[in-house]
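New to this one? Have a look at the model below, and then we can walk through a few of its parts together.

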Amino acid sequence: MSFENGNGKRVLISFLGNINYDTRARNLLGSLRTMGHEVDTVSFDWYDRPQGGPVAVVKLSKAGSSLFFYAKFALTVILKLIFNKYDLYIASDIYNLPFLSFFAKFRSKPVFYDSRELFKYLAGLKDKATVQKLLAAIENSYISDCDKIIVTGMMDAEVLTEDYNLPARKFILLRNLPHKTVTIPWLDIRKKFGFSAESIILIYQGVILKGRGLPVLIEALKRMENVCLVIMGDGDLRGELENLVETEGLQERVVFTGTIPQEYILEYTAGADIGCTLIENISKSYFYALPNKMFEYIAAGIPVLASNLPQMMQIIDNYGVGKYADPEDIEAVVSAINELADPVKRADIAENARNAHEVLNWEAEFEAVKHHFS
């Protein structure tokens, strides 16, 4: 891997998603520009929402056929690559990897693969064997040619090493951490959503998809009094969950905010009492999950309610920032919520979270690896 001489490089980040709403891609974009690089982007969105920030996005639609959706995506990326030359190509997901890998190799430039998930084990493809096999074949064909593979957790690197026999030197650990914050202006969620002053507020932030533990939280609310839930984000499961909330008569205790701009997320988080990330063990990708929302809860100083999955358990145990429970054991989830609702417990965790955030922030994380992007 080698860059041309000079300080600033031309870099491309290509992502099948909206960078403005994606903390990881947005943070990387900002850090590379701070280093003096000229960073270009290809970004997409298919949700009905504002652009969300300064990065231009290409609108896609899932209303028609999947073939048309991916054809427009592929054509957009290919045209970008044909008419522009870069010193470094960063494929922010497996879908971009074949295109960026081909052009990087053709132009004798390095390509980095951001394996933000274990893509061949995606939970959403559990019942789509053909698509899963296709993604596995793509990864198998191109991953060895990548100059660097960026992972969100070292256990992800272990899985990829086992699957593809990759050397350790190829991996860069870059977790999904928020920017370092000193003080966060908090939003009065109780007042905003009409919750009682005595209520305990749970918050979930992120994409609303199967396997994120949201039905588990709704079931927990049925068994508890004076506990409310704020679901911050959007996704394919939202309509189904809204129907479930209505069926269970929990409309006064569950609020769906929709997508919130990145700059306001932590204000909502800091106004809650417990941050939830009950990822369900429905795929290997989820089993090794280390979601950015966990670190955002820590940055906001609120306790984390996590799943009993290895990488999340490791953070909870190492820093004392919450509790974990098996999402399939509803009584264990209720017990954990009750424990974290205790004001003395929350105060202790808030102090632990402040100390943890000194280490678990994007600036510290990127500083340790930025030489790879020089």
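What follows is a quick tour of some strands, a sheet and a pocket.

## Before we start

Keep in mind that this is a predicted model. Everything described here is computed from that prediction.

## Around strand E6

Let's begin with strand E6, which covers residues 148-151. Which way do its side chains go? Lys148 and Ile150 point one way, while Ile149 and Val151 point the other way. Whichever way they face, all of them are buried.

E6 has a partner in strand E5 (residues 111-115): the two run parallel and are joined by four bridges. One pairing to look for is Asp114, whose bridge partner in E6 is Ile150. To get from E5 to E6, the chain passes through helix H4 (residues 129-142), making a right-handed β-α-β crossover.

There is also strand E7 (residues 171-173), which runs parallel to E6 and is joined to it by three bridges. Here Ile150 turns up again, standing opposite Ile172 in E7. The route from E6 to E7 goes through helix H5 (residues 154-164), and this β-α-β crossover is right-handed.

## A six-stranded sheet

Further along the chain, you can pick out an open sheet of six strands with parallel pairing. Reading across it, the order is E10-E9-E8-E11-E12-E13. At the edges sit strand E10 (254-258) and strand E13 (322-325), each pairing on one side only. From one strand to the next, the twist averages 25°.

What holds such strands side by side? Strands of a sheet pair through backbone hydrogen bonds, either parallel or antiparallel. For a concrete case, try strand E9 (residues 227-232) and E10, which run parallel with four bridges between them. Ile231 finds its bridge partner in E10 at Phe256.

## The second largest pocket

Now for some empty space. The second largest pocket has a volume of about 340 Å³. Its lining is made up of 17 residues, and the closest to its centre are Pro178, His179, Gln262, Glu263 and Leu266.

Which helix gives the most to this lining? That would be H1, with five residues. Helix H1 (23-34) and helix H9 (265-270) each supply at least two. As for the kinds of residue in the lining, eight are polar, five are nonpolar and four are charged.

Definitions and conventions
Residues numbered from 1 in each chain as written. Predicted model: local features only at pLDDT ≥ 70, side-chain atom pairs only at ≥ 80, totals over all residues. Heavy atoms only, no water. 1 Å grid on protein atoms, 1.4 Å probe; cavity = no way out; pocket = protein on both sides within 12 Å on 5 of 7 lines; lining within 4 Å. Points joined across faces, edges and corners; volume = space filled by probe spheres on them. Nonpolar A, V, L, I, M, F, W, Y, C, P; charged D, E, K, R; others polar. Pairing = 2+ DSSP bridges. Axes fitted to C-alpha atoms, helices over the stretch in contact; angles between N-to-C directions. Buried < 20%, exposed > 50% of the residue type's maximum accessible area, 1.4 Å probe, protein only. Right-handed = clockwise from strand over helix to strand, strands pointing away.
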